[in-house]
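The following exercises invite the reader to work through a protein model one step at a time. Each task is followed by a worked solution.

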Amino acid sequence: MTTVRHAVIDLFRSHGLTTWFGNPGSSELSILEDFPSDFRYVLGLQEMVPVGMADGYAQITRHPAVVNLHTAPGMGNAQGALYNAFVNKTPLIVTAGNQRRNMQNQYCLLTNVDATTVPKPFVKWAAEPATASEVPAVLAHAIHLAQAPPMGPVFVSLPMDDMAVELDDAEIASTTVVRERQVTHHAAFPDHIAADIAARIDAATSPALIVGGDIERYGAWDAVIALAERTRSLVWTAPLTGLSGFPENHRLYQGTLPPGAGWISEALTGRDLVVAIGAPVFRYYPQIPGPYLPEGTSLIHITNDPDEAARAPVGDAIVADLRSAAEGLLANIGRTDRPMPPTRPAVAGIEHATTPLKPEILWAAVGQTAPADTLWVSEAGSNEAAIGNCVRPGGAFSHLSAAGGGLGFGLPAAVGAQLAAPDRPVVAAMGDGSMQYAITALWTAARYRIPLTILVASNAEYGILKQFGGIEQAAGVPGLDLPGLDIVATAASYGVDAHEAHHTDEVVQLLQVGIADRDQPTLINVRTTPVSG
Ligand SMILES: Cc1ncc(C[n+]2csc(CCOP(=O)(O)OP(=O)(O)O)c2C)c(N)n1
Ligand SMILES: [Mg+2]
């Protein structure tokens, strides 16, 4: 006897989707019953947490992850984290139960009357199978679609009575065929386009590359490094794309572009040709007047996302596979005799100072203490600038952040990233405000003995909103101070090994011990100077 549930489990297993993140309710019991022993279920205590954990996990494993949520209210709670996953282009297969089909008309408890609408517009696609026997095929559709560029979350609503339905022989046969199908994505980069762009780069005096998270997501990392080196281009990361796209310790790397249009054109002054690859052009914010590009600079945009190509305000765009494009350019570029551009200033050494610490002093100490292969997850408001400047990992998939900027990503994503990369140190670089949105991820970290290290810059405020208040000339805004948070006590109450550091020496020592402890999570809280102070 094969039930829909058996077929669903077989489908997920054959796609390597055996780690599920979730928060269940009674509408999910029918899919979770007799949960197979080769699967694991990672529980989050509020829906933002499993979605954020799955996001971090999927990004680091470079494979989709399954999220198992509870009907309408669970999906509602998940929405902020789903938004992040959508902008991060993370392939997530999100499912939620729904009331039995024959009880939905009366809006019985658990009924999600319009289940596929709830996660929109932050999923690529949402479906509820028309009938129980279609469930495996609809889920297979979801799995393939989530991984098609641009990748992203998809949603399938599963009426709870579907799971126990028995499939007949014909249905089993077609389910097997669907389960075994493979979908691969290939796109060549036409040689005449590569030759054309390569000629423009060869002719440029001072080219620049602007990269983004898609360089890492779609396997173009090595080719883009080679392209930058061959062309002696300065390299920046585009604002808000979730991953750096380039080694942050590379001599050509200049950091992340500040997001305002005027700021970007100032940073790019002196560059006659800019090639933006694997990033949207650009995620501008706030509105900083100025031209999009400096006078005399032209921009070529290479993206695998047709919408990114269509909406950019400047530059000619080519929609193409990123790795093929970078390799195609490399094959066509000549040797250059243009001089090596200057490098960005080195990070200052560790300063011996007592708290409250200036962000630059804190993150210089942290950046120089953590091992080179540390995987960083940052969600730290006004501290991000100092983190970007002082923490310079050199490998791919070493610096995650929420491309969407929705708080509540950092902590769960760091838990998921550590699960995905158990042998790497994972350090979550957090603001005290950002810590609170998905704080129950601390329970999951402690419960599953996930050995990440969390460093919190506690300035007792939403510092960055105060900074923006200055830029936007908005005075007298309430709700920007956060007095009375006891992050060490809160973390300890969830079972996390939590400490207060009072000096950079203590930060260094606690961080070394925390990273060395592979048996449990560690939290280090550090008082930092307020933005206004
Ligand atoms: C879900 C969500 N709510 C609110 C915001 C607005 N927001 C952006 S940054 C920020 C404050 C971050 O404060 P903190 O983490 O303490 O860092 P700080 O700026 O103080 O260094 C807030 C509230 C957001 N981005 N996402
Ligand atoms: Mg703060």
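For a metal such as magnesium, donors are N, O and S atoms within 2.8 Å of the metal; water is not among the atoms, so sites may look incomplete. The model examined here is predicted.

**Exercise 1. The magnesium site**

Task: Identify the protein donors of the magnesium ion (ligand 2) and describe their spacing along the chain.

Solution.
- Step 1. The protein supplies D432 through OD, N459 through OD1 and E461 through its O atom.
- Step 2. These donors lie 2.1 to 2.2 Å from the magnesium ion, which is within the cut-off of 2.8 Å.
- Step 3. Read along the chain, the donors of the ion follow the pattern D-x26-N-x1-E.
- Step 4. Of these residues, N459 and E461 are buried.

**Exercise 2. The surroundings of ligand 1**

Task: Describe the shell of residues around ligand 1 and the polar contacts that ligand 1 makes.

Solution.
- Step 1. Ligand 1 is surrounded by 18 residues, and the closest are S382, D432, S434, G463 and I464.
- Step 2. Sorted by character, the shell holds 6 nonpolar, 10 polar and 2 charged residues.
- Step 3. The element that gives the most to this shell is helix 17 (residues 463-471), with 3 residues.
- Step 4. Turning to polar contacts, the side chain of N383 has an N or O atom 3.0 Å from an oxygen atom of ligand 1. A polar backbone atom of L407 lies 3.0 Å from a nitrogen atom of ligand 1. A backbone N or O atom of G433 is 2.8 Å from an oxygen atom of the ligand.
- Step 5. Ligand 1 taken alone exposes 590 Å², of which the protein buries 77%.

**Exercise 3. Two helices**

Task: State which residues of helix 17 are buried, and test whether the length of helix 6 agrees or disagrees with its number of residues.

Solution.
- Step 1. In helix 17, the buried residues include G463, F468 and G469.
- Step 2. Just after helix 17 comes Q473, with a positive phi of about 55 degrees.
- Step 3. Helix 6 covers residues 169-180, which is 12 residues. The expected span is 1.5 Å times one less than the number of residues, and so helix 6 should span 16 Å.
- Step 4. The C-alpha atoms at the ends of helix 6 are 17 Å apart, which agrees with the expected value.
- Step 5. At the start of helix 6, a side-chain oxygen of D168 comes within 3.2 Å of the backbone nitrogen of A170.

**Exercise 4. Backbone angles**

Task: Locate two cis peptide bonds and two residues with positive phi, and place each in the chain.

Solution.
- Step 1. The general expectation comes before the cases: most residues other than glycine have a negative phi, and most peptide bonds are trans.
- Step 2. K120 and P121 are joined by a cis peptide bond with omega of about 10 degrees. P121 belongs to the loop between strand 4 (92-98) and strand 5.
- Step 3. The bond from Y285 to P286 is also cis, with omega near -10 degrees. P286 sits in the loop between strand 10 (273-277) and strand 11 (298-303).
- Step 4. L110 is not a glycine, and its phi is positive, near 85 degrees. L110 lies in the loop between strand 4 and strand 5. With a relative accessibility of 16%, L110 counts as buried, because the limit for buried is under 20%.
- Step 5. R232 is likewise not a glycine and has a positive phi of about 50 degrees. Its place is the loop between helix 9 (221-231) and strand 8 (234-237). R232 counts as partly exposed because its relative accessibility is 29%.

**Exercise 5. Buried or partly exposed?**

Task: Classify E128, T374 and A198 by relative accessible area, and describe the setting of each.

Solution.
- Step 1. E128 is in the loop between strand 5 (125-127) and helix 5 (135-146). Its relative accessible area is 28%, so E128 is partly exposed. E128 and A96, 32 residues apart in sequence, have C-alpha atoms 9.9 Å apart.
- Step 2. T374 is in the loop between helix 13 (359-369) and strand 13 (375-379). T374 has a relative accessible area of 0% and is therefore buried. A polar atom of the T374 side chain lies 2.7 Å from the backbone oxygen of P371.
- Step 3. A198 belongs to helix 7 (residues 191-203). At a relative accessible area of 0%, A198 is buried. A198 and L330 are 132 residues apart in sequence, while their C-alpha atoms are 7.8 Å apart in space.

Conventions. Residues numbered from 1 in each chain as written. Chains lettered and ligands numbered in written order. Predicted model: local features only at pLDDT ≥ 70, side-chain atom pairs only at ≥ 80, totals over all residues. Heavy atoms only, no water. Donors = N, O, S within 2.8 Å, 3.2 Å for Na, K, Ca; no water. Buried < 20%, exposed > 50% of the residue type's maximum accessible area, 1.4 Å probe, protein only. Near = heavy atom within 4 Å. Polar contact = N/O pair within 3.5 Å; in protein donor to acceptor, adjacent residues only side chain to side chain. Areas by Shrake-Rupley, 256 points an atom, 1.4 Å probe, with all protein chains shown as cover. Helix = DSSP H or I, 4+ residues; strand = E, 2+ residues; numbered from the N terminus. Nonpolar A, V, L, I, M, F, W, Y, C, P; charged D, E, K, R; others polar.
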